[in-house]
Amino acid sequence: MYDIQRVRDDFPILSRQVYNRPLVYLDNGATTQKPRCVVEAMVDEYYNVNANVHRGVHFLSQQATDLHEASREKVRTFINARSVNEIIFTRGTTESINLLAFSFGEAMVKEGDEVIVSAMEHHSNIVPWQMMCQRRGAQLKVIPMTDEGTLRVDALDELITDRTRIVCCTHVSNVLGTVNPVKDIIAKAHACGVPVLIDGAQSTPHFAVDVQNLDCDFFAFSGHKVYGPTGIGVLYGKEQWLDKLPPYQGGGEMIKNVSFERTTFNVLPYKFEAGTPDYVASHALATAIDYVSSLGMDNIYRHEQELTSYAVSRMREIDGMRIFGHCGGTVQPLNDASPDSSATAAVATAAATHDAVISFLVGDIHHLDMGTLLDRLGIAVRTGHHCAEPLMRRLGIEGTVRASFGLYNTKEEVDILVEGIKRVSKMF
Ligand code: PLP
């Protein structure tokens with residue numbers, strides 16, 4: 001059973017007050033709070049183990065190296081990669097995508113080639129590709145979206161040409177919560193021999209991801225959105241792809257031999273990890289993975305789906321409420337996950353489902369006013385364009401208020417949000 005009170009007790013910050021009110025933290029899409037075990041893992045490593053990894057013969061260095069490499073193995077199992085050689089530690093999703101866009105562009109993209117992204121990407125899955133396209137003389141193309149916030153996957157049949165080099169798509173929209181049918185997208189791209197990057201920043205916190213099952217070629221996510229620390233993220237890449245790509249940055253760790261005439265590069269994954277890695281953060285990320293795994297990703301998924309359904313139905317009570325995406329307010333029905341098939345399988349097969357994110361506007365109240373006044377009631381939501389300006393333009397708006405749920409949020413908090421929105425609405 002999912003004991004929400006016990007879960008909440010693991011997160012000290014949740015019991016603090018803001019403006020003399022209990023904190024209602026609904027900004028999990030931006031970053032998640034950290035369970036005690038994650039913070040303790042970092043403190044413990046700094047107090048008892050700290051030493052630079054990989055190049056020390058002494059005890060502490062070897063212990064730190066063991067912890068760091070055990071974390072890589074933990075990440076491998078978390079996303080079910082085939083080998084630890086496919087797990088590259090980065091600073092986060094943004095750096096993972098920049099790494100890939102640079103290396104992939106250098107090796108694979110020529111003038112006149114094409115890169116496809118979707119209409120609902122975060123800036124970090126647009127700008128690195130745009131910069132690379134400008135460097136290489138390539139063109140950026142866009143998978144369109146319906147008014148309801150569903151990607152027009154059928155459009156790929158026309159968009160993919162013999163000049164298409166890669167398709168880049170988010171697993172879950174950080175604005176709309178749409179869970180994209182990435183398996184279909186990957187299958188379509190592969191049928192034309194085109195590799196696919198999936199931005200998993202908003203999927204890994206909410207349901208189990210299996211990169212082998214998805215068959216994606218690359219997958220990126222951030223530690224801080226999965227209850228881990230800031231400053232650590234992951235780029236997964238199939239070994240056969242990573243082998244073909246040149247390094248991103250030069251420096252220590254990523255080399256085999258260096259002379260002034262020539263440098264030879266290290267094996268995977270170190271070829272892509274120049275400099276001292278954040279070995280304390282990698283260990284803490286592994287601790288966060290242990291934490292969410294002990295709760296069970298399927299249990300987290302069910303809990304958050306129930307919460308999102310409840311929130312959508314309660315928010316629809318409010319006069320003037322406009323919820324973006326969410327195709328008429330339905331989220332993935334819970335009973336779609338039969339006892340024999342995991343909730344994750346239900347997500348993978350659904351054409352378009354919705355995750356723990358609700359973007360909304362009420363009447364003509366500006367998103368910033370709504371967010372600021374909710375904050376005064378102790379409710380932390382995000383406002384603005386959510387680093388997705390092209391999506392805002394597509395929706396014909398400047399920004400939204402976004403409530404995003406985590407594994408520790410409760411129906412009582414949804415009620416406080418709904419009452420808060422009603423109260424703010426009355427003021428206008
Ligand atoms: N992609 C998506 C879908 C996101 O929601 C975010 C962050 O909000 C990112 C990428 C960037 O993540 P980070 O800032 O951790 O690199």
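**From a surface patch to the nonpolar cores**

Val39, Val43 and Tyr47 together make up a nonpolar patch on the surface, with a combined accessible area of about 320 Å². The model in which this patch appears is a predicted one. Of the patch residues, Val43 belongs to helix α2, which spans residues 36-48. The relative accessible area of Val43 is 37%, so this residue counts as partly exposed, since that class lies between the limits of 20% for buried and 50% for exposed residues.

His68 presents the opposite case of a buried residue, with a relative accessible area of 0%. This histidine is located in helix α3, formed by residues 59-79. Once its neighbours within four places in sequence are set aside, the contacts of His68 are Val53, His54, Phe89, Pro277, Tyr279 and Ser282.

The discussion now turns to the nonpolar interior. The largest nonpolar core contains 67 residues, and the members that touch the most others are Val167, Phe219 and Leu407. Helix α10 (residues 279-295) supplies the largest share of this core, namely six residues. Separate from this core is another one, of 27 residues, which includes Val24, Met321, Ile365 and Val401.

Leu407 merits a closer look. When residues up to four places away in sequence are not counted, Leu407 touches Tyr2, Ile4, Val7 and Phe11, together with Tyr227, Tyr291, Val292, Leu295 and Ile300. His303 and Glu304 are also among the residues that Leu407 touches.

Methods
Residues numbered from 1 in each chain as written. Predicted model: local features only at pLDDT ≥ 70, side-chain atom pairs only at ≥ 80, totals over all residues. Heavy atoms only, no water. Helix = DSSP H or I, 4+ residues; strand = E, 2+ residues; numbered from the N terminus. Buried < 20%, exposed > 50% of the residue type's maximum accessible area, 1.4 Å probe, protein only. Contact = heavy atoms within 4.5 Å. Core = buried A, V, L, I, M, F, W, Y, C linked by side-chain atoms within 4.5 Å. Patch = residues over 30% accessible without salt bridge, like charges linked within 9 Å, V, L, I, M, F, W, Y side chains within 5 Å. Areas by Shrake-Rupley, 256 points an atom, 1.4 Å probe, with all protein chains shown as cover. Salt bridge = Lys/Arg side-chain N within 4 Å of Asp/Glu carboxyl O.
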